[in-house]
Structures are given as C-alpha cells and as structure tokens.
Amino acid sequence: RIVFLNGSFLPIEEAKVPFMDRGFMFGDGVYEGIGMLDGRLIDNEAHLERLERSLAEIRITNPYTRAEWTSFQEELARRNGMTEGFIYFQVTRGVAERDFFFPEDTKPTVAMFTQAKAIAAAPAAQTGIAVITVPDLRWQRRDIKSINLLAQVLAKQAAREAGAQEAWLVEDGFVTEGGSSSAFIVTKGGSIVVRPLSNAILPGITRKSLLQLSKKARIVLEERRFTVEEAYDAAEAFLTSASNFVLPVVSIDGRAVADGKPGPITKRLRELYLAMAGAPALA
Ligand code: PLP
C-alpha cells in the first residue's frame, strides 16, 4: 500500500511522521475526504475549495495549488490501483517543540491515503442503515473540517454499541448532522429538510450537490432545522457523505422510519447522484 507524505509516494510502513507533529500533539490540522468512482474524483474542486477555507480559518498556508493536489490524488489512486473508494488527506501545522503558540518557520505536514471501497454497489444502499441520536458535544466551529474528531469517535462508537451505523448529533433538541455525514429527512408532504449552513455543521460537499440535484428534480427543499421528534415521524430519512453518497436511514433510536424501508425520494436522489457521479451502470 502506497501513501503520500510531504511530496513523496512511499510504502505505508516507511511513512513516518515526527513525534512532535502538532497534528499528533494538538490535533492542530484539517482534512478532506473525497469519493472516487470509476477512476474519477467526485466534486474534487468543491472539496479543494473547502480545504482552502478550512486552512485559512486556522491560518495554515495551503502548501499546494489545486492542480498539484489533484495530480497527487490521481497519482496515489493510480499507484494503489484504486478506481472506486475514498481518498483522505490532512494538513497539520507541522513539527515543532510542544508549545501552544504557532511555531515560526514550520512547514505543514501533508499526509494522504486511499481506501478502496464499493460505494455505488454498497449493500447498505439497498437495506438502509440505523442511526441513534446522541448529544452533540463538539466545539463551536464545526464548519472547519478539523482533525479533532474525539466527539465523533465517541458518538459513532456509541452507535456501533447500540447496533447502529451512524450517530445523529443533537443540540437543543435539533439534529445538527451525522458523526461523519449530513442528515436529511423527507416530510410526509414530500419535501426534503436539511439544516441550513452555519458554524454548527460542516458544509457537506455531497449535501451541496444533492441540493442542486433535488432542485433540478423539482423536489421541494426546506432548509431549516428539524427536531428528533420530527425525524421519528418523517416519511423518509437519509444521510449524505463523500464516501457513501446517499444512504437511506430506516431506523432512528430503534424506531422504524415509516415502514422501515428505504423511501422512494431517497432512492431517486441516490440514483440522480450516481448518474451525476457517472456511475457506469446508470450513466
Ligand atoms: N458532516 C460531518 C461532521 C462530516 O465529517 C462529513 C464528512 O466527513 C460530512 C458532514 C459530509 O460531508 P461531505 O459530503 O463533504 O463528505
């Protein structure tokens, strides 16, 4: 398995990050995750734009241009023989003696890896998944894609221990988003509901594409917060993320969503997303 570290492609066993890296010591960095389908990066420009924003917000200079990022991503996928899956990369503030203040003259550390995964034919897309709700314990700048993921680690582990596949995070009675996904419901009237962008959630790239697709398909969108009770009572529920595209949510806190099967609007949106991403069977 080949990974990318600071400009080099090398076997994962040889890819070592120094002990004093601020990513390791402070979680001082940001990341991105991008889906690949049929050898193509999905929505890569939007992911690179979000990376630029995350870096600017925490004042790390972006080490590469978009063209450089893209060539590294493509080269890494090629070297690993990956045509479908997930590409992860992170940028930390770099290596320096442990001290909270920004170090001077430190170069960011850049690490990238690939994970082959069946996204288009994922079994969960047919069956749907279960989610549980847990309190959202994260910090107040969730719009920054920070590598600090402790609240998500705990939330998703709680989901697993409850037999669910994702946690929906709740603040003041309203769902913010999933541990690693954007959360949607479909009302009985057939409109989709998603929380508006703010510092309370990550601006999901798949969310953004999905909203464009739903508009073209003339599905009514209500961009507003929704409560846990509304989700229990919804006609359908689903989540979006770069590594899953659109996944039906068929149970919330052990209660079936409607008849407990993936709903028609969710299925349609998944198909539209797959077609947009150029899935061979549907393109
Ligand atoms: N929300 C959170 C907290 C996430 O971690 C992610 C993805 O990792 C998402 C939403 C979905 O974002 P995207 O569609 O850009 O993958």
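Let's call a residue near a molecule if its C-beta atom, placed from the backbone, lies within 6 Å of that molecule. Of the 13 residues around the ligand, Leu202, Gly204, Ile205, Thr206 and Ala242 come nearest. Keep in mind that this is a predicted model, where local features need pLDDT of at least 70, side-chain atom pairs count only at pLDDT 80 or more, and totals for chains, interfaces and linings use all residues. Numbering starts from 1 along each chain as its sequence is written.

Helices (H or I, at least four residues) and strands (E, at least two) are DSSP runs, numbered from the N terminus. Helix H6 (205-216) and strand E13 (236-241) each put at least two residues into the ligand shell, and H6 has the largest share with 3 residues.

Now for the two domains, whose bounds come from an automatic or database domain assignment: domain 1 covers 2-116 and domain 2 covers 123-276. Their centres, taken over C-alpha atoms, sit 26 Å apart. Across the boundary, 19 residues of domain 1 are in contact with 12 of domain 2, a contact being C-beta atoms, placed from the backbone, within 7 Å. On the domain 1 side, strand E3 (29-37), helix H2 (44-57) and strand E5 (85-92) each supply at least two residues, and E3 gives the largest share, 7 residues.

Here is how the two sets split by residue type, with Ala, Val, Leu, Ile, Met, Phe, Trp, Tyr, Cys and Pro as nonpolar, Asp, Glu, Lys and Arg as charged, and the others, Gly among them, as polar.

| Set | Nonpolar | Polar | Charged |
|---|---|---|---|
| Shell around the ligand | 3 residues | 8 residues | 2 residues |
| Side of domain 1 that touches domain 2 | 7 residues | 8 residues | 4 residues |

The largest nonpolar core (buried Ala, Val, Leu, Ile, Met, Phe, Trp, Tyr and Cys joined through C-beta atoms within 7 Å) has 59 residues, and Val131, Phe184, Ile185, Ala237, Val249 and Tyr273 have the most contacts inside it. Buried means 20 or more other C-beta atoms within 10 Å of a residue's own, with C-beta atoms placed from the backbone. Both domain 1 and domain 2 give residues to this core, so it lies between them. Leaving out residues up to four places away in sequence, Phe184 touches Ile192, Val193, Val194, Ala237, Phe238, Leu239 and Thr240.

Tyr273 also turns up among the buried residues of H8, alongside Ile265, Thr266, Leu269, Arg270, Leu272 and Leu274. Their cover includes H6, E13 and strand E14 (245-252). Just after H8, Gly278 takes a positive phi of about 80 degrees.

How values were computed: Buried ≥ 20, exposed ≤ 12 C-beta atoms within 10 Å, placed from the backbone. Contact = placed C-beta atoms within 7 Å.
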